[in-house]
Structure formats: structure tokens, C-alpha cells
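Hello,

Here is the structure I promised to pass on to you. My notes on it follow below.

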Amino acid sequence: MTLPPSATGRTGPHAIVIGAGFGGLAVAMRLGAAGWRVTVLDRQDRPGGRTISVESEGHRFDLGPTLMSHPDALRRLFLECGHDPDVLDLIAPDPLWSFHWDDGTRVEARAEGMEDAVRRISPGDLEGWNALWSEARARPWGGFRGLFERFRPRAWGGVMRRVATHLSDEKLRTMMACPPILVGQNPLTADPELCFPAMTRHGLVAANGGLGDVTHAMAEAVGAQGGEVRLGVEVIAASARHVELTSGERLEADVVVAGTVPPSRRAPAEAIGLFVWHFGTRDTADVWPEAGVSTMVAGHNIAANLRTVARGRIPEDPLIHLRRTTLDDCTAAPEGGDTFYALVPVPHLGHRAGPRWSEEAGPLRDRLLARIEASVLPGLSRHLATEMVFTPEDVRDRFGTPHGLPAGGHSAVSGTGFLHLVPGPEGGVAGAISGAEALVRNLPLPAAL
């Protein structure tokens, strides 16, 4: 399948982009805007990379990201490439999250006005809470300081260490430090740029129709620039100037770019995997009014839980991110129903004695059901219409990541000399988009070739 270019006759230097995910499409858009003739290749039958979804009983389960931070990076991409960002139907949830603890404490996390909640939970931490917000909102990002902060060793530092220096209460620490999980990173080592106030400074959004609709708009933008998006084709080898497909076809180019990070034999020590339980419900549109778009069902100690994950074990009381997709996207479920997912940090597949998911997936799903039913969605069992689980093994098999990592898929293409995208510090979708911008800015303009 090919999404044909709507502009014809474009000549000039040719760029091949491997992968039609957020990173690859962002690279293609920027190259096309800079005058390159672009061909995007992807082995899937539709653009979007990890934004793929599956249907079950009328419910749409998004298997990849559903939220993105730094939405202005996406809007700027469209504007700077000559496209109207209004085609992106982005929605900012309010509140950003609701936090539920086993002792009955409930807090709605918003971008502003959290002082009353802090006073109620831990009055002595109010000064530290405000200091964290001021520090995060004022912290510059970029230049040599940004590079130093990003690449220096952290050894169980990052967001959690920064938060722990200001806050003593475990609930407040959880609220401040959990956002990196949404972009597949471990709060113990994730950059402080991903803490709660820093992420709210830049915004957090979903998309009506899912982020797959956003990547479809990006693919159409590539075509409008005269580029070509070829789907259902697999690259088996590449160099700086050509690619070879499984069909035997050889394509020549002036530059070859992979929209993924370079392959790695070992997963980073700080990496986490994700277990996701997708489920759809019937007759629940007016049920569970306190269950917002995003709910964190928090364990007793987030740092201890994440250290358990880093040792290759599943925590007894894991942090659960429960997302009710249909509150900001009514197309995700049949009328009267809801579509949810429950996401949990778990060990990646690089651990020698990690979980056997053929044995662990069912019991973990049952534990999640019990905790969610007891805290957020009473009577959930009676309303279940359909469900599926997605383990790190499923991530590996579907997306080709050797360790089942949720963030930054690895290229399986053999060869040397071609360029790889390096995600930006924002992580997730925004990191792929900013990484694409940095890559293209360092390529010579077509006139120089």
C-alpha cells in the first residue's frame, strides 16, 4: 500500500526514512519542508508505528501511546512545515490525574491551585512543594546545561531524588514523580524535566480519535509536500545511500534515516517494561462519576515498587495508571459503554530471571481488577464486555523491540552508515518529534549536496 504524493514533479536530493511512526514522520515532514524528495518506508499496513489499535466488540484498544506532553512541539512541527495545526484535534484533560490511595485518600492533580490539597495531606511539605514548582517552572532546557543534565549518570537519582530532597510525605512524592511512567520511563532515573510541574508547564494532551489520527495527519502532510509513504514493505538492510527490501528491491538515496534509536543488545539498567490490561464495559456511560480520564491507583511506596521492578520482580502493590479513554474520545467505545486501560510498570525482558508472562499475566490481571474495583470502579466485574492483556512479550513480538521496552523502538535493520533518530529529553511522542527536529537541523540543505 502506498499513500501517494499530492504534489508531483518534485526533484532534488532524495531522502529515505525507515519507519512511519511519530519520529520517522516528523523527520519526513521537516525534510520535505526543507526541499528534499522523501520516501517513507514502513512494514505495517498503516502509518503510525506504535499508535496502532485493535477493535474488540466495538471497543478500540490503543496499543501505543495515548497521551503526549509538550503539544506545542507538534503544533510547531506543522506550522514550520507549512501545514495547519488546527487539523490536530487535541484535548487537554482537566484534572490531569486523580490519585487514589488504599487508605481512602483522593486528590485531583491540576496544573494550578494544589496548595489546599498539600495542606490537607502534609502541611509541613507546603514550602517544599512550592519550591519544586518554582524550580521546575524556571528551569531552562537546552544548550550545554541540557546536554549535561541529560547524559550525566544518575544512579537512582533523577525525578525521585529531586522530589525527595523537598518532600517527606510519600503521597506527595508519588504525585510529583509518577508522570515519567506515562512516557515509558522510570521515575528513579528519569530526567527532572519529566516531573509533575515541569510536564504541566509544557502541557499534556490526548487526541480525539486517538494519537493514530495524528500520525495519519502527519502522513498526509508528507504526501502534500510531494513525499511518498510506502506501507507494507520491510527493509532488511541499509547503508548511508541505499536500502534493500525483502522483495529484493533496492532503493538509492542521498541520505537514509531510521526513525528509531540504534539497536542495543542490553536494556538500560533504568528501563522499565509495561503491562497493560485493556478492557471495555457496557452500560457505564453514567456510572463511576469520580473516575476521570486518568487515575493513579497508588501503592504504598513508589520508590520501593520501582526498585522491585528494577530487580526483575512484579511489586505486590504496583502503581496503576487507569485511563478512561472515552471521556475525551467517544469514538473509542459503542454507545453507552466505556473503554479503559490499566497500565503497570513491570520488569522488561532483559532480566535473567524475570516474570514468565504465560504464567504471570492472568494473576496480575486479577489483582488489578480487585484493586480497581475496590478503589475506583465498584461493580466493574458486572460491566465487563471485552478485554485483552498486553505484556512486554507482546510489545517485543508486535513492535520488534528486543527487550519489550515501551519507549523508543529499536531498528532491526542490518547495516551501517545510515542515521538514527535520537529522542529528545521530553520522552514519548514529544521526544521523538524534538529528536527529529534536531536531526534534520544537522543535515546539509539540499542545495549543499
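The buried residues of helix 9 are Leu211, Val214, Thr215, Ala217, Met218, Ala219, Ala221, Val222 and Gly223, where buried means under 20% relative accessible area with a 1.4 Å probe, protein chains only. Helices are DSSP runs of H or I with at least four residues, strands are E runs of at least two, and both are numbered from the N terminus. This is a predicted model: local features need pLDDT of at least 70, side-chain atom pairs count only at pLDDT 80 or more, and totals for chains, interfaces and linings use all residues. Residues are numbered from 1 along each chain as its sequence is written, and side-chain values use heavy atoms, with hydrogens and water left out.

Helix 9 has 14 residues (211-224), so at 1.5 Å a residue it should span 20 Å, and its end C-alpha atoms are indeed 20 Å apart; the expected span is 1.5 Å times one less than the number of residues. Just after this helix, glycine 226 has a positive phi of about 95°.

Now the rings: there are ten aromatic pairs in the structure, counted for Phe, Tyr and Trp (its six-membered ring) when centres lie within 6.5 Å, with planes under 30 degrees apart stacked, over 60 edge-to-face and the rest tilted. Tryptophan 97 and phenylalanine 196 are edge-to-face, because their centres are 5.3 Å apart and their planes at 75°. This pair links strand 8 to helix 8, 99 residues apart. Tryptophan 97 counts as buried, at 1% relative accessibility, and phenylalanine 196 does at 0%.

Best wishes

Conventions: Buried means under 20% relative accessible area, exposed over 50%, partly exposed in between (1.4 Å probe, protein chains only).
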